[in-house]
Amino acid sequence: MNDSSLDQLISAGARDYRVPPPFDAASHWHQLEQRRRRGVTRAWWRPLAFAASLALAFALGRATRPAASPPGGPSVAANTGAPVTMAAALLGESVILLTSLPEASTEGQDQRFAREAGDLLATTRLLLDSPEAQHSPALASLLDDLELVLAQVARLREGESRTERELINDAVQQQDLVPRIRTVAARLAAGD
Amino acid sequence: MTQAAIAHFHVPDPPADDLVDRARRGDREAEYALYRLHAPRIHRLVYRLCGDAALTDDLLQDTFVRAFSRLGDFRGDAAFGTWVHRIAVNLTLNARRSADRRERRIAPLRTDLAAPESTAFDPDFPGAFAEAVDALSPGQREVFVMHALEGYTHVEIADILGISEGTSKGRLFHARARLRELLARFAPETSHE
C-alpha cells in the first residue's frame with residue numbers, strides 16, 4: 001500500500017473514529033462552575049496512602065536485606081534469583097519515591113525526582129523483559145503501570161511541577177499502585 | 001454564575017496572555033474566555049483519545065478546575081493552551097492507559113483478519129479502522145490521533161506530551177507502518193483481481 005492509499009484510508013477512517021459529540025461551552029462551563037463551588041477535592045486519600053507506603057517501604061527493606069548466613073552456608077540472597085532481588089529493591093525504592101512526591105514542597109527537588117525515576121525506569125524496563133515478568137501477570141501488569149508513572153516523573157519540569165506532580169499522584173491512585181506493590185512485594189518476600 | 005450571566009459575557013479575542021493575567025487575578029470573565037478559547041479543541045482531543053462521552057466531560061472539567069486553581073504555578077514559559085492541553089492529555093492517559101493495557105493482554109490483537117476483498121467503503125472498515133488504531137502502542141496512538149486525526153503539529157505534540165519533535169515523528173512513522181499492515185486488506189490496489 002503506498003502513502004497515498006494509506007492517507008485515503010486514514011481520512012476515511014477519521015470520519016467515523018470516535019467522532020466527538022457536539023460541545024456546548026456554556027453548559028459545560030455552568031457544570032464546571034458548580035463543581036468549583038462544591039470545591040471537589042481528591043486529596044483525602046493522601047495521608048492514608050503515605051502511612052501505608054511508609055509501612056510497606058519498611059517491610060520491603062527488611063525483606064530485601066541479606067540475612068546473616070551460617071559460616072560456610074549459602075546466603076539467602078544466593079537462593080533468590082537476581083531479577084527477584086532486583087524487583088524487590090525496585091518496588092521498595094519506587095514506593096519511597098512515589099510517596100515522597102506529593103510531600104515535596106520545593107521545586108528544586110524535581111530534578112532529583114526526575115533523575116531517580118530515570119534510574120528506576122531503566123530497571124523497570126529490564127524487569128519487564130525478564131522471565132519472572134513473563135510468567136507473572138500480576139508482576140508484569142504492575143511493572144507496566146509503574147513504567148508509565150516513572151516515565152511521567154522522569155519528565156518533571158521545573159516551573160510547572162506542582163500540577164504535574166498532582167497528575168502523577170492521581171495516576172498512582174487510579175492505578176492502585178501502592179496496594180498492588182504491597183501485594184506483589186509480599187509474594188516476592190514469601191518466595192512465591 | 002448562572003447560564004444567563006454566562007450568555008452576557010463578552011468574549012474577547014486573544015491575546016491570551018492578557019486573559020491569563022486577568023484570570024490569575026480572579027477575573028471570571030477572563031476565565032470563561034480562556035475556556036471558550038481552548039475547551040472545544042481539548043474536548044475533541046480527549047474524546048478521540050478516550051472514546052467515552054461521560055469520561056470526556058469529567059476529564060475536561062478536571063482539566064480546567066486544575067488549570068484555574070494552579071494558574072499561580074503557570075509561569076508563561078509555554079503557551080497557556082499548551083499547558084492546559086498537557087494537563088488534559090496527562091489526565092486522559094492516566095485514566096485510559098492501564099485499562100488499555102489490561103484489555104490488550106486479555107484480548108490479543110487479531111492478526112487473522114479475512115482475506116483482502118474490500119475497500120474503505122466496506123461496512124467493516126470503520127470497525128477495522130478503530131480496531132487497528134486501538135492496536136497501536138499507547139505512544140503511537142497518542143501521536144497518531146493528535147497529528148493525523150486532530151491536526152496538531154509535531155511541535156505542539158512534543159510540547160504537550162513532553163517528548164522531542166523527533167520522537168513524535170518517529171512514533172507517527174511507526175503508527176503509519178502498523179496501520180498499513182493492519183489495514184492492507186482495505187487498500188484500493190489490493191481489491192484488484
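The following exercises, with worked solutions, concern the interface of chain B and chain A and two residues of chain B.

This is a predicted model, in which local features need pLDDT of at least 70, side-chain atom pairs count only at pLDDT 80 or more, and totals for chains, interfaces and linings use all residues. Residues are numbered from 1 along each chain as its sequence is written, chains are lettered from A and ligands numbered from 1 in the order in which they are written, and side-chain values use heavy atoms, with hydrogens and water left out.

**Exercise 1.** Determine how many residues of each chain are in contact and what area the two chains bury.

Solution. Begin with contact, meaning heavy atoms within 4.5 Å. By this rule, 55 residues of chain A are in contact with 70 residues of chain B. Next, take the buried area, which is the accessible area (1.4 Å probe) that two parts lose on being put together, summed over both. For chain B and chain A this comes to about 5900 Å², of which 52% is on carbon and sulfur atoms.

**Exercise 2.** Count the salt bridges and polar contacts across the interface, and describe the side of chain B that touches chain A.

Solution. A salt bridge is a side-chain nitrogen of Lys or Arg within 4 Å of a carboxyl oxygen of Asp or Glu. The rule finds eight between the chains. One salt bridge joins B:Arg28 to A:Glu33, with the closest N and O atoms 3.0 Å apart. A polar contact is a pair of N or O atoms within 3.5 Å; within protein, one must be able to donate a hydrogen and the other to accept it, and residues adjacent in sequence count only if both atoms are side-chain atoms. There are 15 residue pairs in polar contact between the chains, both residues at pLDDT 80 or more. Elements that give two or more residues to this side of chain B include α3 (28-50), α4 (53-69) and α5 (80-106); helices here are DSSP runs (H or I, at least four residues), numbered from the N terminus. The largest share, 13 residues, comes from α3(B).

Finally, this side of chain B has 37 nonpolar residues (Ala, Val, Leu, Ile, Met, Phe, Trp, Tyr, Cys and Pro), 24 charged (Asp, Glu, Lys and Arg) and nine polar (the others, Gly among them).

**Exercise 3.** State whether B:Gln61 and B:Leu93 are buried or exposed, and identify their contacts.

Solution. Buried means under 20% relative accessible area, exposed over 50%, partly exposed in between (1.4 Å probe, protein chains only). B:Gln61, in helix α4 of chain B, has a relative accessible area of 11% and is therefore buried. Apart from neighbours within four places in sequence, B:Gln61 is in contact with A:Gln31, A:Leu32 and A:Arg35. The side chains of B:Gln61 and A:Gln31 make a polar contact (3.4 Å). B:Leu93, in helix α5 of chain B, is buried at 8%. Not counting residues up to four places away in sequence, B:Leu93 touches B:Glu142 and B:Leu161.
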